[in-house]
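Hi there,

Here is the structure I promised to send over. Have a look at it first, and then read on for what turned up in it.

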Amino acid sequence: MNVLELQNVRKAYQNHVAVNDVSFNIPEGRIFGLLGPNGAGKTSLIRIITTITRADSGTVLFRGEKLNNTHPSQIGYMPEERGLYKKMKVGEEIVYLARLKGLSKKEAKVQLDYWLEKFGIEDWVNKKVEELSKGMQQKIQFITTVIHQPKLLILDEPFSGLDPVNTNLIRDEIDNLHKKGTTILFSTHRMEQVEQICEDMVLINNGKNVLNGSVKGVKDEFKENLFQISYAGELPVGFNEHVNLISNKKEKLVIQLNANQDSNSVLKYLLENGVQIQSFNEILPTLNEIFIKVVGGKSDE
Amino acid sequence: MNKLGLIIRREYLTRVKKKAFILTTILAPIGMLIFWVVLIFLMSSGQESRRLAVLDEGNILELNTGKTLRDNNSLTYKYMPNAKVEELRDNLGTEDLDGIIYIPKQNVDSLGALRTLNIEYYSDDQLGVTTLEGIKSTIANYVEKLKIEKSGVDENLLKSFDTDVHVDPKNADPEKAEEEVSSYRVYVATFLGGAMMFLIYIVIFVYGTMVMRSVQEEKTNRIVEVIISSVKPFQLMLGKIIGVGMVGLTQFAIWAVVFPLLYMGMGLVFADKFKQMQSMAEAPSADAPDASEITAIIQELWSFDYSEIVIVFILFFLAGYILYSSMFAAIGASMGDDQGESQSLTLIVSIPVIIAFYIGVAAIQNPNSSLAFWSSMFPLFSPIIMPARIVFDPPMWQVLLSLGLLIGTCLLFVWLTGRIYRVGILMYGKKTTIREMARWIFRKD
């Protein structure tokens, strides 16, 4: 089942089209990457999903139903620009935001205790938010995002401004929630993060769908049959007549195979000719390379 | 609890629990108390008694015939027929002498020809206003009497020329003609109307800007995006306006109890001082209201139909507050942390309030003028002007019409500003023009 289905979603503002005919599905329980450079329309898209704004045309289905006002209580949203009421006490603030998401006072308190204990920050309850450091505030922000156990968690650049310790902490929590079956929409312009974390992805540029599919599938689609070989010894004479040799430096070889060559026979050929192979692996394109290839290196950045 | 309730609750509680709120709520009455105490002490301490020697070189005042200058509370006069200024100077500041009044020979043939009496005053201290006025009025009164006496005119005849005019207002409606209406009513009504008008005027500014600042804060620290992914922007705006409005009502409710209590307490503690001041006020030269006037005013204060006044006041107060604070909220949402821009827009919104206040000042002096009528119908002015008029018993249809127009406008404005708010709150980085804000009204979600 798809938690979210977008079909031909379009949203225009006065001077420009922010989202132009975007379609994708997010299957339940997956980590889905929403990729795109700054200004590509990610935030506009997220605002449509969180019912902050409405699409001009196209449909958005949440768990099979047309998106409506009851759905935000099942969505947790952490915007890129984070903010909390600075003058409120940590406990009061978390409970307030949880109750806005539809939790009862009692449930909110139970969840508050659970999360504070989990992060080991029980003694912050009565501190004002402004007394906390930025990293501490990020933790509070994360708690307010997930406290109502959302079916869909939307994280907009969740790691921006985090130190490595907190980055790992949040990543672990994302993993935990993922294991529990939470669907996660992960929006970023940092392609390498998507590679590390996401299973599926959509790439948008200038408001349009550019690529859509599983991360592995997308990479397979764009692979160029490049292989890297580290070796010791001499290459057989005439090796470069059989394969397309891209580079050969310091006993590191990059070759490109054509459609009717397969890697096994290359490996076999080298072994039979007495080359000592230390490693043999396929070079898959990074999403960054794919992105540059697809949009021609042009982004609005 | 529904979400609007949650927002109202938060907006209300965070403010009421703030130190600033508790302080202003408590400090304002205490400040008033200190003000009163200081005032009472100033007024009584200013009445230090002074003993003055009177030297009349030309014997113009004829004090040698046994006539005396009349002492009042603080000034006592002692006629010293043969003394010289040079001799008395050395005694200044001692037990029986604070100042010397020296009346030189005047350049006129007779008292009747005297237009200006030049006298000199010697003292170690600076001449104070109270003392100066006391001396002037005492001697002027004395000379006037002396002149009358000399001219041979009967003093009673002269007095009979003075006439007091007393206006007794009567209702033209024969059914109401029996009702006792005193002429003080108009003064009391003016005071009451003015006070209510002033209160609403202040509230619109203080609480309107409080709403604006709160909206700006939410926008600037970006929490708004989290909140409006849970609730509609309109709910957030409305919750804020209602919550802040309730803070205002709470403050007034506290003051409504505390101020009269303080006033009564003051009355008990300073009963003696008040009596003393009253007796001073009753001195013949001063034209302060006498006791019967004060009781008449108090009676008038009780004669108003307060249930009607309070209901009208609260309705116009609330509608006026909501009308203006919704505009302030829209400004806050559009401008974010751009203080300069929001200030100039605030000014635009403030202009009708200020105009209304000035019209209101004219309206309470002429409560049935066409200016008063039309301005109390105009929704941007009526929250300030109608409460000022209500104490003058305007026809009921006028009150209802004005209220209807105001509530209608209020709903329209809340809707309009809600539309602006909804778009503005998510706009960052761009300068917003008024034209753009107008366009936002018609923009779809």
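Let me start with Ser376(B): setting aside neighbours within four places in sequence, this serine is in contact with Ser382(B), Ile385(B), Met386(B), Arg389(B) and Ser402(B). Please keep in mind that this is a predicted model. Ser376(B) sits in helix 13 of chain B, which covers residues 370-377. Its relative accessibility is 0%, and because anything under 20% is classed as buried, Ser376(B) counts as buried.

For the wider setting, chain B contains 16 helices and 4 strands. It has 445 residues, of which 42% count as buried. Among its contacts with a separation of 6 or more, 75% are between residues 24 or more positions apart. The accessible surface of chain B is about 24800 Å², with 62% of that belonging to carbon and sulfur atoms.

Two surface patches may interest you. One is nonpolar: Ile22(B), Leu23(B), Ile26(B), Leu27(B), Ile30(B), Ile34(B), Val38(B) and Leu42(B) together offer about 700 Å² of accessible area. Ile22(B), one of these residues, lies in helix 2 of chain B. With a relative accessible area of 39%, Ile22(B) is partly exposed.

The other patch carries positive charge, and it draws on both chains: Lys89(A) and Lys128(A) gather there with Lys18(B), Lys19(B) and Arg213(B). Where is Lys18(B) found? Lys18(B) is in the loop between helix 1 (3-16) and helix 2 (19-45) of chain B. Its relative accessible area is 42%, so Lys18(B) is partly exposed.

Now to chain A. Helix 2 of chain A, residues 90-100, is mostly covered, with 10 of its 11 residues buried. What do those buried residues pack against? Within chain A their partners are helix 3 (105-118) and helix 4 (134-146), and from chain B they are helix 1 and helix 7 (223-227). The buried residues run from hydrophobic ones to charged ones, including Ile94(A), Val95(A) and Leu97(A) as well as Glu93(A) and Arg99(A). Just after this helix, Gly102(A) adopts a positive phi of about 100°.

If you open the model, you could begin with Ser376(B) and its contacts, then turn to the patch of positive charge and finish at helix 2 of chain A.

Best wishes

Methods. Residues numbered from 1 in each chain as written. Chains lettered and ligands numbered in written order. Predicted model: local features only at pLDDT ≥ 70, side-chain atom pairs only at ≥ 80, totals over all residues. Heavy atoms only, no water. Patch = residues over 30% accessible without salt bridge, like charges linked within 9 Å, V, L, I, M, F, W, Y side chains within 5 Å. Areas by Shrake-Rupley, 256 points an atom, 1.4 Å probe, with all protein chains shown as cover. Salt bridge = Lys/Arg side-chain N within 4 Å of Asp/Glu carboxyl O. Lys, Arg positive; Asp, Glu negative; His and termini not counted. Charge placed at Lys NZ, Arg CZ, Asp CG, Glu CD. Helix = DSSP H or I, 4+ residues; strand = E, 2+ residues; numbered from the N terminus. Buried < 20%, exposed > 50% of the residue type's maximum accessible area, 1.4 Å probe, protein only. Contact = heavy atoms within 4.5 Å.
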